[in-house]
Structure formats: structure tokens, C-alpha cells
Amino acid sequence: MELIENIQNGERAAIAKAITLVESSKDSDQQISRQLISELIKKPGKSIRIGFSGPPGVGKSTFIESFGSYLVTQNYKLGILAIDPSSQITGGSILGDKTRMVEISKNPNTFIRSTPSRGALGGISMGTREASIILDAAGYDFIFIETVGVGQSEIVASNLVDIFTLIVGPGSGDELQGIKKGITEYADIFIVNKNDGELKIEASKTAADYKSALSYYKKLDELEKQVLLVSAIEQTGMEEVIKTINQIVDQNKLKGIFEERRANQLEYWIEEEVKNIIASDITKRLSSTGNISKYSEKVMKNEMSMFEAVEKITKDTLK
Amino acid sequence: MNNKSNNGFNTWQKSFEKETKKNFSDANSETDEGIEIKPVYTRDDLENFSFVENNSLPGQWPFTRGPKASMYTNRPWTIRQYAGFSTAEESNEFYKKNLESGQKGLSVAFDLPTHRGYDSDDDLVMGDVGKAGVAIDTVEDMKILFNNIPLDQMSVSMTMNGAVLPVLASFIVAGEEQGVDRSLLSGTIQNDILKEFMVRNTYIYPPEPSMKIVADIIEFTSKEMPKFNSISISGYHMQEAGADNVLELAYTLADGMEYVRAALSKDLDVDDFAPRLSFFFAIGTDFFMEIAKLRAARTLWAKIMKDFGAKNERSLILRTHCQTSGVSLTEKDPYNNIIRTSYEALSAILGGTQSLHTNSFDEAIALPTDESARIARNTQLILQNETGVTKTVDPLAGSYFVENLTEELSKKAWDIITEIEELGGMTKAVKAGIPKLKIEESATKKQAKVDSGSRVVVGVNKYKNPKEPSVDVRVIDNNRVRDDQIKKIQAIKESRDTIAVEKALANLTDAAKDETNLLAPCIEAIKLRATVGEVSKALEQVYGRHFAKSLSVSGVYGKHFEGDKDFMKVEKKVIDFENANGRRPRVLVVKIGQDGHDRGAKIVATSFADMGFDVDMGPLFQSPKDVAKDAIENDVHAIGVSTLAAGHKTLVPELMKALSNIDPKSKIIVFVGGIIPEQDYEFLYKNNVSAIFGPGSNIIECAEKVIDLISDNLSKE
């Protein structure tokens, strides 16, 4: 495929078109997309994929602008995949991440793609994993995946990346109790942003709270969870972030954790794909038989119980 | 109400219901501000006022009826037309002509690069030099601008906020080199940075240092320039950006309070500077509302300043300049704009403005020509000389309706002001983006009312002119202006004492690091022929450049169209498109160059998203190259360029070039919206622009056209 060659040559338009293909809901696009990904995956690049998540308002995009600017001055090539929520009502979306990434979006060593979430579970859109494979093939050193930071997104996102970071604001230490155990398990780095001006003391305190709370979660063979203080606005603490990332990557590679994670992620991916195919097949069958409306009528008329109906429909559909 | 009048009212109500075949209780209408307007007002409506005082007189507390006792009976308002374009030489000629034709004061429009602190030779600004105002790079330009205009006699208003320090410094030095001491200079500098962060976007530095600069200027002028207004606190641009009158009134006064506090932090006494604070409001087409707004503004400001402890009566008085509304002008059937402007001017006069700019009818299309500027000026001359409006002070006082409306507006605005104060003042509110968002919401609502036809705009959504007249417009050769300016900068840089300039700039940078007043070191640098751009950069080293976060509203536009046939038609087209192409139509909406007026772009973005499009928003102040990279990486189907500052003839071809540089096979279509003279349409189409939408375009129709163009374009593949 000519497209593959162009991607590997780092041609911007080719990368962009390929991402459109993997995100497309059209069958014919999906077929090409599968071929494309199968080819690209054979010759993996050297990218490190980093996930960024965190509640709204903590300055995720501003942090990415700041950290990204630092990385490009170090001559790294940086790909960013940002997921924006689509409106539940109209289905349309406003993709405004780039308004907060003014400097890096101009830089020739970046590639920034926003994607509407399309209501996908977990705020990770269809095609994010594939898009990261494309950017990897195109020779980007780091690939950032920024999620909308709500619901289950952390868990889904962490299954796409090598390092997962959670960005939090000063004063969020109190909410630590409320943070799901899952996230503390999945996140490798906690970044406390807004370590500047009046908030400095609060930020340090928050970082200390996180550190002490996280010490309980330490697993034997893993590095201690890292808590870092940064100011996206003043661009401080960025060196420490990249140093920590590189450290974790090196350690994980040494201990085989890096490969193990990628293997687990592949497993997860296969499982997801299989589930998706089965689910869409079942949806089609359900709508063709019209069983659901047929049986719910019976339930309404008290001709059978709701659970009997479920059992009957399931048996009928799976036979 | 006594029994007799009660009976009278009941009879009236019956007649009303009979005539209108409507229940009286359903007869009210609601304004954009959410104020209920009754079909009739009576003496009862003058009761229970908390702001308006029924028996007050002009020139007396609470100044509702005007700042002066005699008002226009003694001296009419100042006719002050805002103008400026291309080079200082050409603007100077234009000013002199206007002064000969009866204009009394000057008001200088600067070009966008000057506003944003860039010299004309900076690559970032190539499309904007001399376009929407005059280019000023050094004090030499300023001297040419006022050539043969004696600055000790002429009051000069300067719309400058971002690069306020080098521009005011240049004005002071130009005066000195004309032989006029700074203490004799009269006029106004806008110096209102807060509204830049809200709507106009021609800021340079972040909010805090910007506020410090505002305070520096108030301090300096209060000490050394007693005849000069240190600030013009402006609501104008808020209304232009779509704010309703309550928002405009409340945010402007809240801005004013913030500036008072900034000046107080300089250890000035409130009466030292308050008499030199001035205001600037927009006057739109809602005739009585605009009159009430000016009356309410004076009433509230007097109260606010009293609370600040002002002792001098002049500190309590709100003096204002007004300008007729630019957004009310339409590109369609443009001669209607003369009529709109006339009524707006009358509103401003009945409201008691101190000076007035009337827009030229062609300003929805381009900068005014000599002819259209004459008509605009004559609109005011006729009001002053033929209509008799100058003979009675505040002639609408005592009107049940106008007094009641003044009270209602005051109340609503006061609630918002109280809210802002509780948040900690306007700087904080602006940093949080609250006013900007509220204004955008109001703008989107207004647009939806016009597009859905629930608000009539003559010649646009009703009574359309079957034979659109063509009008001649002023054409500015941007490349020539830029070349001229670059030559002048080069000549100055060769002849000046470079070492002294560098030293002065280094001093300025040092001064910015502590609390020193920055105007004095600026004047030093400007005297030595440092450029506006160099001075701005010297400060940028300490303060940095500000980039705004962009928030947007959604759902506001769509809400007005529930069940609307045209709207649903576009929604369906979007779904069909997604089924056929595997994704929604995706459009990048951008501003290019230094033009920060982003109301139009924001409205297009939110309304397209409400119709189901995926809309990418670009940051402000992007170069064509940045836009192309953004568009290609996101593989958008189309780019919508919003242009209001006449840069399109340079910037759009640059964008096309940049697109094909990155991707020679690029299939991205480009459409353009904003202020574009018809004469330029052919040029843009020749440069492969697919569609052009002028002011007053119906957004649903635009969306449909865009989706059709995209579909056609895809089917060609």
C-alpha cells in the first residue's frame, strides 16, 4: 500500500487520512483499516505511549502544552491524540483542545489530532489504539493520549499506554479516599499541577497526602508510584516528569513489565474486538426477530414474568 | 391607584382586549435582557424605585438626567468620528478633510499589528498592516499623523489597549516635538484591557501585568496630564460581541470598579483620578432600551463612586462617548444602514451622550469611503441643526415607560455587578472566563432569533431587496502600505543611536521587574526612536505574551430551532453524510492573523455543532501555515475562515499555498465569512474559495451550503 510507505515517511496528510480510516464507521473503510494496521504492526516503531487523565479543570491541556513544549525543545517528536466529548443530544462536537495548545500545535515536530468521543464508553473513542499504532509507525518518540477524564476512561485508557499518569489539582488530597482503587493501581505517575503562586503550599501538601496514601498500594515487583509537583503555567517541574517517565520505562523494560503490559493489552484488545463483533451480531439478530418488543408485551399483559422473557429471548437468540 | 383611575384603566384594558383579541395578561413582550415590556405604562409604574429618583434634575444627584445642568442647550455633543487607515500620511489627509467639514474631535483607529505590539516588518502580521486602522511603528509615524493639527487645541481620542504604553508615549513625544507640553494635551486613551480579555482580544500581556499598566497610565496622567482622560471604560465591544444591554451595562461598570481599585492601589486619592475616567457605550437598534441604558449607567455609577468615598461631585459623574452599533449594520440592502444609524444616533442623544460616532453605511463591507463618511457625519449635523433635539435637556424624563425601563435596567445590572463583586471582582471573573461565556451565550441567542425569523431584520430575513445595489468601497493596498512602513522603519533604524536605544529598552525591561511606573522609561525609549514592537518586546521579556483559553457554549443555538424544518433538514443531511462516509462532516473554524473579533467564529462553531457537525476550533492569532497544519492533521473536510479586518486578500491565498505545501493533493475546501466587499468576491473565488458568507447570513443556510459543497467535493474523488 502506498499509504503505508507515506506513513512510514512521516507524511502528515497520510497519517491524518489513515487515522480517519481507522476511526470510520464505514465497513469498506474498516476493511482497509484492518489491512493497514496488520501491516504497520509488523514493524513497530520505538514510541512510548503515555496516557493523561484527570478531572476537568485541573489543566490537562495546559499541562500537555507546557510539557510538550519542553519535549520538543529536547528534539523529541510528539504525537498527541486528544479525545473530546460529543454532545449526547446533537451528536456534534466542538473540538477545542488546540486552543489550549497554541505553541506546540505550531511546532513541525508535533502531530495533534482531536477525536470526538462519539459517546463511546470510557471516553476513549473507537480507533484510538489504531491511531497510536499509526503514529508509532510514523516515527513519533512519544504519543500522548488525553482522555476526557470521566467515568471509566482511566481503565480503558490505561489499556492503551505504556505509562499512565493522573493529573490532579491542589487540594484534591481530600478526595483521595473517593478515588477508585482501580486508578491508583493503573496510574504510574501522579502529577499535582498548579504548583504556583498562592496555591504553592496547598500543592505541596496535596503531593504529600498522595505520597503517604499511595505507599499502601505498592506492589512488590513494581516501582513505587511517583508523585510529582509541576506548574503548567510557569513550566516548572517538566524535567522531572520526563526523567521519571524514562526511569519507569527503563525499569519496566529491565524487569519485563513493559513487555508483559503490552502482551496483556494485546489480549485485552483481542477480547474487545471479539466482544464487539459478537455484540453487533447479536444486536442485528435481536432487531431482525423483533423478540424484545414481542416478549415485553407479554410481560406487560402478565402472561409471563420478566425473567422468563429474558431467558427465552436469550435462548432464542443464541441458538 | 385611586378608584377613578382604576375605573379608567379597566375600561382601557377592555378596549385593548377587544382591539387585539388577546388577553391582557398575554400582551407583554420580553426583551433580550429578559425585561417584560407592557403594552402601556401608567403613573403607577413610577413607584417603588430603588435607583431612579423621580424629582431629580440634570447635573444633580444621581445624575440620571445628565452630567451637566444645561446639556446640549449650552453646547451640543461632540461629533467625533473614529477613523484611520493605511499610512499615517493618508490618515492625516483624511483627518484634515473631516475637520474642515464640521467634525470637532479626532478619534484614531490603529491597525491590528500596532494594537498587538508588532512592527509592520514582523512576519506574523503581514496580512494586517494598515488594514483596519493606521500603522504606527515609531514616533515619526505619530508626528506625520498629526501634521498641521495643533495638539494643544485638538482633543484626540485613541483606541488603544494592548500597546497602550508605546502609543501613549509616542503621542506625548509627538506633542513635545510639535512644541506642545504634555500638560496641554487633551483627549482620551481607551486603556481598557479587561474587555479585551472578554471580547476584543487585542491584548498582549496576561491580565495581572496588564492591570498594572492600566494603573500606571491612570497615575501618570492624573499627575502630568490634567486635561487627558486616562481610560475609556468600554461596553461598546461587548454589545458588538453580542452582549445584551444589561450585560453590557453591568460588566462595563464592574470593569470601572476594578480600575478604580487598581488606581487606589497606587496610593492615589479617588478624587485625584475619578473625574478623568470616561466611558464608551454602544447604541443598538432597541430605541428606548438604549436611552434607558445611558440614564441607568449614570445613576449606578454615581452610587458606585459614592461608595468608593468620592467627595468631589465630578468624581460621581459618568461621562460617555457613544458609537452606533456596528453589528446592526447589514451587508444586504446596505442603504438601510443609514436609517438604522440615524435612529441609533437619536437614541444616544436622547440618552444624553457627551460625544458620538455615527457609523458609515458601508462599514459592514469595508472601511468608509469619503462619501459614506460624509453621510455619517451629516447624520449628526442634521440632528444638531435641524431637529430641535438640543433645545430641551433630557426630554424623556417623566415618561412612565422610560423611567420604569431605567429602573428595571438598573436593578438587573446591579444584580450582576453584585455577583461579580462576590466573585472577587472583574479580573478574577475574566480569568475564569465567566463574562466571555455569558456574552457568547447572549450572542448565540440573538443570532438564532434572526435566523429563525422571530426577529425581523429588514432586507435580510424579510422585505429583501430583489435588486441588491452595488456600492463602491475603499480599497487598501496592504502590500504597498507594508512596504512603505518597512522602508520607514529601516531608515529610522539606520539613523538612530542604536546603543542608546538598546540601553533605554534594557532600562524598560528592568523597570518592569519592579513596581516602577513604566510610562516614563517608555517615553525615553520612544524619544530615541525605539519602535512600538521593540518597546512591547522589552516588556514581554518580563510579562510574557497572553494566550486565552477558549471555552464555548453549546446547545444555545439549537434550542431556538426545535421543530424547525430547515434546521431538521440540515440535521438529517449530517446523519446521511455520516452513514455514507463513516464520519460526520468535520469543519475547522478559524481566525487568521491579528484580528481578535471572534464572535462570528464562535457562533458558527457552536451552531454547526448543534446541527451535528464535528467542529474544530483553532486558537486566535494563527498564521496561515499553522491553520493548514491543524486542518491537515485533523483531516477536516472544510476550513471556515472568519475575517473582519480586511486581511483576507493576503491571508486566504497564503492559506491555500500552505495547504498545498503540506499536501499537494489536499481536498480541503475553504469558505470565508465576515466583512468582505463584493469587489473581492471574484478574487477569492479565483483563489479557490468555495463559498463566501457576508454579515447577516443565515447560519442554517450556510451549514446546508457547506455540507452540500463537501458532499460534491467528495463525490469528485
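In this predicted model, the buried residues of helix α14 of chain B pack against four elements of chain B, namely the strand β3 (78–83), the helices α2 (88–100) and α13 (336–351), and the strand β11 (355–357). The residues of α14(B) that are buried are B:Ser372, B:Ala373, B:Ala376, B:Arg377, B:Thr379, B:Gln380, B:Leu383 and B:Gln384. The helix itself covers residues 370–386 of chain B, and because each residue should add 1.5 Å, its 17 residues should span 24 Å, which agrees with the 23 Å that separates its end C-alpha atoms. After α14(B) comes B:Gly388, a residue with a positive phi near 80°.

From this helix we turn to the interface between the two chains. Here 35 residues of chain B are in contact with 36 residues of chain A, and the area buried between chain B and chain A is about 2,800 Å², with carbon and sulfur atoms giving 50% of that area.

The polar side of this interface can be described pair by pair. Between chain B and chain A there are two salt bridges, including the one that B:Glu633 forms with A:Arg12, in which the closest N and O atoms are 2.6 Å apart. Across the interface of chain B and chain A, 17 residue pairs, both members at pLDDT 80 or more, are in polar contact. On the side of chain B that touches chain A, at least two residues each are supplied by α23 (565–581), α24 (599–610), β13 (614–617) and α25 (624–633) of chain B, and the largest share, five residues, comes from α25(B). Sorted by class, that side of chain B has 12 nonpolar, eight polar and 15 charged residues.

Notes
Residues numbered from 1 in each chain as written. Chains lettered and ligands numbered in written order. Predicted model: local features only at pLDDT ≥ 70, side-chain atom pairs only at ≥ 80, totals over all residues. Heavy atoms only, no water. Expected span 1.5 Å × (residues − 1). Buried < 20%, exposed > 50% of the residue type's maximum accessible area, 1.4 Å probe, protein only. Contact = heavy atoms within 4.5 Å. Buried area = accessible area lost by both parts, 1.4 Å probe. Salt bridge = Lys/Arg side-chain N within 4 Å of Asp/Glu carboxyl O. Polar contact = N/O pair within 3.5 Å; in protein donor to acceptor, adjacent residues only side chain to side chain. Nonpolar A, V, L, I, M, F, W, Y, C, P; charged D, E, K, R; others polar.
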